[in-house]
Amino acid sequence: MSQHIISKQAMEYMTYNTNDLKQNIINIKNIQKQNKLTLAACEEFLNSLPYCTVKHTISENKAFLEYMKSPDKDMKIIHVAGTNGKGSVCNYVSSILLHSGYHIGMFTSPHLVDITERFKIDGSDISEDVFRDAFCKILDIIERYNKQKDHTYSINKTDKIDEDDAGFFFPSYFEYLFFMSMIVYTDHPVDYLVLETGLGGLLDVTNTIDKPVVCVITEIGMDHMQYLGDTYEKIAAHKAGIIKPDVPVIFFDKRPESTQVIRETAMQKGARTHMISEESIKNVKLCRDDEGNKYVDFCYDSEYYNYVGLCLHTSAIYQTQNSALAISCIEELKNTGALVSYDDIRMGLSGAMWPCRMEEIRPGFIVDGAHNTDGMEAFLASTRDIDTKGRKILLFGAVSDKQYKLMASMIGDSRIFDIIAVTCLKTSRSLDMDRLTDAFKGYDNVSFYDSVSEATAYIDSIRTQDDLIFAAGSLYLAGQLRETYD
C-alpha cells in the first residue's frame, strides 16, 4: 500500500505552496522578530500549507518526531480512530478522567471557530500565548532539522529552496498541528493525553507515537473514500492501522466487514480486543428534566461491570455507543492503575458537553455535525424520536467531497422535516447552488439560499414558538452557526 495519498488537486496545491514556502517562512520569521506575531498570523501561515490529505510517509514523520526526542514516549496516550464519534469518545474519556482528578490533554480536529479549540488542557482551550509558543518552536525545529540533513536551507533573502530536493522536509497543515501538540503537552505535562487521528489511522501522522496505553476505534463508515478506499474493509484497514503490539484495542461491532478486519489486525499485532455491541446498551430512553431539557438515560453491560442509570445531556441517542466505548476505555485504564470510581464515570458522562453534536445552541435550535451517510442516519434516527407540537425545520449545508446526494435523498425520503432550507457555506469546499438544487430535485418542501445568514433569516421569519429547528450536513455549517449565535 502506498504511503502517499495525493489527489491531483492536492498535488497542485502542494506545488503551489512549495514555490511560495520560502517567502512565507521569511515573512512569519520577520513578524516574530518584531514581536508582532499574532494568532491570526500563525493561522494564516498554517492555512498556506497543504492539508491532511497530503501526507509524508510514516517513516518521514517518525524521523522528525525522533529528532524532537520522541516526546510521546513520556506520555500516556489514548489513541482514537474511526469514522464517526471520534471527538465524542475523546470528550467522554476526558470528562471522566477529569472528574477522577487527573490532568488531561486532548488533541482533536477540526475546530469549529477558533484553532485553539484543537488543544485542550483540563477541558479548556489552550491560550493564544501557548499556541504561538508551540508554533514558533516547531518552526525553529524544522529549520534545524533540515540543516542537519545536509541542506543549505536557512532563513535569509538569498537562499533558494530546491523544489526537486526530495530530502527537504516541511509538515502539512495537520502534521504541523500534531507536532505542536507534542510541544504543548511536553511544556504543560498532563496525566493522560487523548489523541484523535486526523484522516484514517495507518498513514496518519498521529500514528508515529510509539506505544499508547489504549487504542479505541469508533464506528467505521463511508467517508474520505477517495483516500481510504471504497469498501468498509478498506476503510477499516486504515483505522485499524493504529493498533500496536500488546496494546488493548476497543471497538464497536457495527458491521461484520469492519469487525473482521479489526480482529485480524489485532491478532496479527498481538493486541487484546474488547468488542462492544448494540446488545450491551440497554433501556435507552429520551427524557426531559423538570426544566424541559432533553437527556438520554441508559444502562451499559460492559465486559467487567453492569452500569445502570447513566445519563447523557443530549438528545442524540447515538451517543450511547460513544459513551460505551469511553467507559470500556476507562476500564482498560483502570487495569493499568488508573483510579476511577463508578461515580466518576457516571458524573463524567453526565457533565460532558461536546459542541454541535445534537447541541441546542439556542432554545428550539439543535445543531448536529452529521457530515456523512452514517452520521446522517444517526442524526435522522435521533430527530425522529424527538416530539414537538409544531413543525420540524432543517437547515442543510454540505461540502463537495462528501456523499451529499445520498445525504439529500436520505433527508428527503425520511419525511421527518416539514421545511428544508438548503444553503451554500462560507468555505471554498462548499457545494455550489447548481449541485445543491440538483441534489434535492424532486422534493417540494425545499428552498435554497446563498449564505447561512440568508437561510437563518428565512427560518426566523417563518418559525413559530412550537417549531423545532435542526441543522446538519457539515461541521463548517455547525461552526458558522455557533459563531453566529455565541
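Of the contacts in the chain with a separation of 6 or more, 76% are between residues 24 or more positions apart, a contact being heavy atoms within 4.5 Å. This is a predicted model, so to speak for its rules: local features need pLDDT of at least 70, side-chain atom pairs count only at pLDDT 80 or more, and totals for chains, interfaces and linings use all residues. Residues are numbered from 1 along each chain as its sequence is written, and side-chain values use heavy atoms, with hydrogens and water left out.

The chain has 16 helices and 17 strands, taken as DSSP runs numbered from the N terminus (helices H or I, at least four residues; strands E, at least two). Buried residues make up 58% of its 486 residues, where buried is under 20% relative accessible area with a 1.4 Å probe and protein chains only.

Now for the cores. A nonpolar core is a set of buried Ala, Val, Leu, Ile, Met, Phe, Trp, Tyr and Cys residues joined through side-chain atoms within 4.5 Å. The largest one holds 47 residues, and Phe131, Phe135, Phe170 and Tyr176 touch the most other members. These elements each give it two or more residues:

| Element | Residues |
|---|---|
| helix H1 | 8-33 |
| helix H2 | 39-47 |
| helix H3 | 58-67 |
| helix H5 | 128-148 |
| helix H6 | 173-187 |
| strand S5 | 192-196 |

H6 puts in the largest share of this core, 11 residues. Apart from it there's another core, of 38 residues, including Ile250 and Tyr307.

Take Phe135: leaving out residues up to four places away in sequence, it touches Ile28, Leu37, Cys42, Phe45, Leu46, Tyr176 and Met180.

Val190 sits in the loop between H6 and S5. Beyond its neighbours within four places in sequence, Val190 contacts His103, Ile104, Gly105, Ile121 and Tyr185. Val190 and Met106 are 84 residues apart in sequence, yet 9.6 Å apart C-alpha to C-alpha.

Over to a hairpin: strands S9 (residues 281-288) and S10 (residues 294-301) run antiparallel, joined by 6 bridges; strands pair if DSSP finds at least two bridges between them. Cys287 stands opposite Tyr295 in S10. There are 5 residues between the strands, and Gly292 takes a positive phi near 90°.

Finally, empty space. There is 1 cavity of 30 Å³ or more, a cavity being a set of points on a 1 Å grid over the protein atoms alone where a 1.4 Å probe fits but cannot get out. Its lining, meaning residues with an atom within 4 Å of a point, includes Ile411, Arg415 and Tyr443.

Key:
On a 1 Å grid over the protein atoms alone, a cavity is a set of points where a 1.4 Å probe fits but cannot get out, and a pocket is an open set with protein on both sides within 12 Å along at least five of seven lines; lining residues have an atom within 4 Å of a point. Grid points are joined across faces, edges and corners, and a volume is the space filled by probe spheres set on the points. Buried means under 20% relative accessible area, exposed over 50%, partly exposed in between (1.4 Å probe, protein chains only).
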